[in-house]
Amino acid sequence: MGATSRWTSLLRANRLSFALWQAPQARICRLTSLETERAFHAGSRHCHAPIKSATTPSQTAPSWTPAGSVLGFFIAAGLAYSLATPARSTLADAPDESPAKQRLIRLEEIHEHNRTAGTYWVFRGDSVYDITDWVPDHPGGEVILRAAGGSLEPFWKIFSIHQKQDVYNILESYLIGKIDPRDLVNGKAPDGHVDDPFKDDPARDAALIEHSARPCNSETPISELGSYITPTEKFYVRNHLWVPDVSDAETHRLTIELFDGEEVEYTVADLRKKFKEYSTTATLQCSGNRRSHLTQASQPTNGIQWGIGAISTATWTGVRLRDVLADVGVDLQDPDENIRHVQFIGAEAYGASIPVDKAIDRHGDVLLVYNMNGQPLPRDHGFPLRALVPGHVAARSVKWLNKIVVSDEESSSQWQRRDYKCFGPNVSASDPDWNAAPAIQEVPVQSAITSVCHVKADKLKDSDLAEDSVVLQGYAFAGGGRHIVRVDVSPDEGRTWLQAHLQEDGAKIGAFGSPDDRRAWAWRLWRVVVPVTQVSGKFCIKAIDDSYNVQPDTFEPNYNFRGNLANAWHRVPVSRDDKSG
């Protein structure tokens, strides 16, 4: 067994340090454990474990990876929680006038050091830090190395978790000196020495509704939500960080880490050559879709205030995850009972996971995707490789995929353990028990009105009505592969109802067109014609899936401070144009 396997097995056998990290009453033990692991990393930085090549799975490939990169992944699970408590504030108790704090360092020396030395220096404000020993513990993994030789601030501003005194205290324990005053402008390093992590991001379509530019978060324009297949350039963009610059798609490597710590690598070219290709049409929806509606109707929520456009549909092409897992030795019929999750890690450090049952389900249709709508994935959507987990919240379909971990635990990332969860209406952002709520996986039934158009009687098509009418159109979607069976529309705030016509595009059975697969991964588009004489107040809409799940009528009972899974009836006020023509 290689070094990676030995240390991974050791960590799995000894859960004490992780339990202590998560227990506020054991802060002293947690600190001791963390310092012990830091010393361990310092001693094992040059240990290596073999990686198997997908082209010769029975032989050891002449490629190596640091064991610390695997261990850092597990250690991050504890540190992500410890950052939220004052457990390590004692590390900042060194005397203020220590010799290290008196050292003056020129900016050029910082840059030169990172070109020639084996350690990593960064600066924040006018202070310089050696973060070499922190890299394995950093919750964002080696992303922090993008700041090596430059400023931490552009990176840390992305994560609100860094903007806490406890985090600053941790950083201070790595202080090695101050920037020489001759290199400062108004007490800080000049802008020319601050790296812009978004400088290589791709250009976006001007029609997208932008909520933030850095990172890019933009929703599909309403005018494009009426197309069954969303044009690729209009597909909504949800980025948590910058877009990684992967120049060569075919040589991009995907590492599969097995439960025993063994690793197997595939290039994208390997995946194309070795496995059968599949295509599926699937809808991806952000957990925050319609968050702004929840905020407006109930209370303030945390997060991007999406409208109805954080949802889109595309045809995706790739290989099945279950086929790849079988190829590396996972028993699909009788998997090890300890294997419960499959974790995905992106090149920019985003991480998430899904239950292993979904990953290996013959009808689960989880794909490793390299094409979108018949073309290579665009950079904003995961080029050159992403996961597609249909029927689940889009946060699990990790982009820029470069590692998969077969594990007994879900991903330790903040996006799995914190961001994508729901709490009761009584729980505030200041006191949630993050461990008490499961991570969001399948999404509930959802629908929205995308178009309201007044039509004269003589212009109506596909209708027997002989009077002026209002034509409504929209989408409906249910997670878990459940079909939309009905869309109810009310022209008078819920007093009376009629059923919309479900268009056939979304009625296709089976992700791959197989007649024995009853799962539906894409939305249903719908249309209804309402006589003007019946219109009063607000239009309301609710969708029903084949398990008879139905949208709630109001947001208040399902309020959660994160604003996730906002799916109450969509209400659209009636305008004068809707009533008269």
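For sorting residues on this tour, Ala, Val, Leu, Ile, Met, Phe, Trp, Tyr, Cys and Pro count as nonpolar, Asp, Glu, Lys and Arg as charged, and the others, Gly among them, as polar. Keep that sorting in mind for the first stop. The model on your screen is a predicted one.

**The whole chain**

Start with a cartoon view of everything. The chain has 14 helices and 27 strands. Of its 581 residues, 55% count as buried. Take the contacts between residues at least 6 apart in sequence: 72% of them join residues at least 24 apart.

**Stop 1: the largest cavity**

Rolling a probe the size of a water molecule over the atoms shows where empty space is left. Here there are six cavities of 30 Å³ or more, and the largest has a volume of about 250 Å³. To find the largest cavity, select R238, R386, A394, S397 and K399, which lie nearest its centre among the 22 residues that line it. What is the make-up of that lining? It divides into 12 nonpolar, five polar and five charged residues.

**Stop 2: the nonpolar cores**

Next, select I256, L321, L325, V342, F344, L368 and I404 and show their side chains. In the largest nonpolar core, which has 67 residues, these seven touch the most other members. Zoom in on V342. Beyond its neighbours within four places in sequence, V342 is in contact with L321, L325, A352, S353, I354, V356, A359, I404 and V405. There is also a second, separate core of 21 residues; A478, L502, V530 and V572 are among them.

**Stop 3: N217 and the cis bond beside it**

Now go to strand β8, residues 216-219, and pick N217. Is N217 buried or exposed? N217 is buried, because its relative accessible area is 2%, and the cut-off for buried is under 20%. Draw two distances here. The side chain of N217 reaches the backbone oxygen of P215 at 3.3 Å, and a polar atom of that side chain lies 3.2 Å from the backbone nitrogen of N239. Setting aside residues within four places in sequence, the contacts of N217 are I209, E210, H211, S212, V237, R238, N239, I304 and W306. R238 may look familiar: R238 is also one of the residues nearest the centre of the largest cavity.

Stay with P215, which sits in the loop between β7 and β8. The peptide bond from R214 to P215 is cis, with omega near 5 degrees. Most residues other than glycine have a negative phi, and most peptide bonds are trans. A second cis bond runs from F383 to P384, again with omega near 5 degrees. Find P384 in the loop between β17 (375-376) and β18 (386-388).

**Stop 4: two positive phi angles**

Select A349, in the loop between β14 (341-346) and β15 (351-355). A349 is not a glycine, yet its phi is positive, at about 95 degrees. Then jump to E493, in the loop between β22 (484-490) and β23 (498-499). Phi of E493 is also positive, near 65 degrees. E493 counts as partly exposed because its relative accessibility is 43%.

**Stop 5: helix α8 and D180**

Select helix α8, residues 165-172. Which residues of α8 are buried? They are D166, V167, N169, I170 and L171. An α-helix has 3.6 residues a turn, so residues three or four places apart point the same way. To see what covers the buried residues of α8, add β4 (121-124), β5 (127-130), α7 (153-156) and β6 (175-179), which are included in the cover.

From β6, move into the loop between β6 and β7 (209-213) and select D180. D180 is buried, with a relative accessible area of 7%. Its side chain makes a polar contact with the side chain of R182, at 2.8 Å. Not counting residues up to four places away in sequence, D180 touches L104, I105 and R106.

**Stop 6: two last residues**

L145 is in the loop between β5 and α7. L145 counts as partly exposed because its relative accessibility is 21%. Apart from neighbours within four places in sequence, L145 is in contact with Y120 and V135. Its C-alpha atom is 9.1 Å from that of T132, 13 residues away along the chain.

Finish at R418 in helix α13, residues 414-419. R418 counts as buried, at 16% relative accessibility. Draw a last distance from R418 to A439: their C-alpha atoms are separated by 7.7 Å, with the two residues 21 apart along the chain.

Terms used. Residues are numbered from 1 along each chain as its sequence is written. This is a predicted model: local features need pLDDT of at least 70, side-chain atom pairs count only at pLDDT 80 or more; totals for chains, interfaces and linings use all residues. Side-chain values use heavy atoms; hydrogens and water are left out. On a 1 Å grid over the protein atoms alone, a cavity is a set of points where a 1.4 Å probe fits but cannot get out, and a pocket is an open set with protein on both sides within 12 Å along at least five of seven lines; lining residues have an atom within 4 Å of a point. Grid points are joined across faces, edges and corners, and a volume is the space filled by probe spheres set on the points. A nonpolar core is a set of buried Ala, Val, Leu, Ile, Met, Phe, Trp, Tyr and Cys residues joined through side-chain atoms within 4.5 Å. Buried means under 20% relative accessible area, exposed over 50%, partly exposed in between (1.4 Å probe, protein chains only). Contact means heavy atoms within 4.5 Å. Helices (H or I, at least four residues) and strands (E, at least two) are DSSP runs, numbered from the N terminus. A polar contact is a pair of N or O atoms within 3.5 Å; within protein, one must be able to donate a hydrogen and the other to accept it, and residues adjacent in sequence count only if both atoms are side-chain atoms.
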